[in-house]
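Here are my notes on the model, set out as numbered points. Please read them with the coordinates open beside you.

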Amino acid sequence: MGTNRVTILAKGALLFSAFMMILLFSAPPCAADNTGEDICVRRESLCTMLQDQGFTVEDIRVIFSDERIVLYPGILEKKGKGLNYFNRKFGLLTRKSVERGRKILKENNALFKAILGRYNVEPEVLVSVYRVETNFGHYVGHYPVFNSLLTMTLMENRRSGWAEKELVSLLVLTRSNKTDPLSVKGSWAGAFGLCQFVPSSYLNYGADGNDDGIVDLFRFADAMASVANYLKEHGWETGDTEKERKAIWSYNHCDNYVDAVLAYAKALKKKTGRVSRRRSS
């Protein structure tokens, strides 16, 4: 990227930060006219939701005055469904891919045994989600999740309402964890961590897999326990194909995704020293 382009982008980010300050805190209340779902209405809705969660006007001012804030209009045209997980480039069922998964199972046998006993979700399925979502943590995303969700919240699109709630959830969880909200990196769609949870899923289903009192979805034990908890809470029952598929589909509303997760899990079970299956009483 040329020096001039970098300079332009940097100036653009600073200009947008100043624009956000004016937009969120200096603009008057929206007029009661027939303007529809414009940015002014979405601004007020976001501020109201944050205040309902205990954020003060000053808290909101500080958050949205950060110079790292920038919008990504290009993500509005992206689609998160329809990926062919079985193509050669993805390499899901190659020998190398399956061997890597089996190695993870073997090296973390004690952890998976504990998770199986608690949630009754097969370890192969957890490793499969890990493989399909981020290729074992190699592709967790580079977008600041805050900026991705803010873009979808303020720029009218079919995800605006959902993104607004997720942005509020992100700020709630980072406040609770005393984490910088703009430091969380993930996908353009607002998911983050080794297995790509959106903020509300973190709040609702995040689990402490290593008993350190912290849920960190970038830590392997916590990520695996959180996926198991999510699937269990969405009806997973080992051995019931329909319920297994429904639980995985809840995680990602795509039949291709469900097929891929189950196919990789099945491949892992072949000739591998897996932990014994245990059903809850």
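1. E122 has a relative accessibility of 2%, and because the limit for a buried residue is under 20%, E122 counts as buried. This residue is nonetheless paired, since the side chains of E122 and K269 meet in a salt bridge with an N to O distance of 3.1 Å. The two partners lie in distant parts of the chain, 147 residues apart, with K269 in helix α12 (residues 255-269) and E122 in the loop between α5 (109-119) and α6 (123-134). K269, at 30% relative accessibility, counts as partly exposed, whereas E122 counts as buried. Please bear in mind throughout that this is a predicted model.

2. A further salt bridge that involves helix α12 is the one between D259 and R245, whose closest N and O atoms are 2.9 Å apart. Here D259 is in helix α12 and R245 in helix α11 (residues 241-251), and the pair, 14 residues apart, again links distant parts of the chain. Both ends are partly exposed: D259 has a relative accessibility of 32%, and R245 has a relative accessible area of 29%.

3. Which residues are joined into one network by salt bridges that share partners? They are D66, R68 and D180. Within this network, R68 forms a salt bridge with D180, and the closest N and O atoms of that pair are 2.8 Å apart. R68 sits in the loop between α3 and α4 (95-107), while D180 sits in the loop between α8 and β2 (185-186), so that the pair links parts of the chain 112 residues apart. R68 is partly exposed, with a relative accessible area of 38%, and D180, at 30% relative accessibility, is likewise counted as partly exposed. In total, the structure holds nine salt bridges.

4. E164, found in helix α8 (residues 160-177), deserves a separate look during review. Is this residue buried or exposed, and what is the distance to the nearest side chain of opposite charge? E164 is buried yet has no salt bridge, and the nearest side chain of opposite charge, that of K165, is 7.2 Å away. Because a salt bridge requires a nitrogen within 4 Å of a carboxyl oxygen, K165 at 7.2 Å does not supply one. When neighbours within four places in sequence are left aside, the contacts of E164 are R42, S45, L46, M49 and T153.

5. Helix α8 itself agrees with the expected helical geometry: at 1.5 Å a residue its 18 residues should span 26 Å, and its end C-alpha atoms are 26 Å apart. Its buried residues include S160, A163, E164, E166 and L167, together with L170, L171 and L173. The buried residues of α8 pack against α2 (39-52), α3 (57-63), α7 (145-154) and α9 (199-205). The helix is followed by K178, which has a positive phi, near 55°.

6. L171, also placed in helix α8, has a relative accessibility of 2% and counts as buried. Not counting residues up to four places away in sequence, L171 touches L50, F55, I63, F146 and P181. L171 and Q53 are 118 residues apart in sequence, yet their C-alpha atoms are 9.4 Å apart in space.

7. Helices α2 and α7, which are among those that the buried residues of α8 pack against, also pack against each other, at an angle of about 125° and with their axes 9 Å apart. That angle makes α2 oblique to α7. The contact is made by I39, R42, R43 and L46 of α2 and by L150, T153 and L154 of α7. Of these residues, R42, L46 and T153 are also in contact with E164.

8. On the chain as a whole, the secondary structure comes to twelve helices and two strands, and read along the sequence these follow the pattern α-α-α-α-α-α-β-α-α-β-α-α-α-α. Buried residues make up 47% of the 281 residues in the chain. Among contacts in the chain with a separation of 6 or more, 69% are accounted for by residues 24 or more positions apart.

Technical notes:
Residues numbered from 1 in each chain as written. Predicted model: local features only at pLDDT ≥ 70, side-chain atom pairs only at ≥ 80, totals over all residues. Heavy atoms only, no water. Helix = DSSP H or I, 4+ residues; strand = E, 2+ residues; numbered from the N terminus. Buried < 20%, exposed > 50% of the residue type's maximum accessible area, 1.4 Å probe, protein only. Lys, Arg positive; Asp, Glu negative; His and termini not counted. Contact = heavy atoms within 4.5 Å. Expected span 1.5 Å × (residues − 1). Axes fitted to C-alpha atoms, helices over the stretch in contact; angles between N-to-C directions. Parallel < 35°, antiparallel > 145°, perpendicular 65-115°, else oblique.
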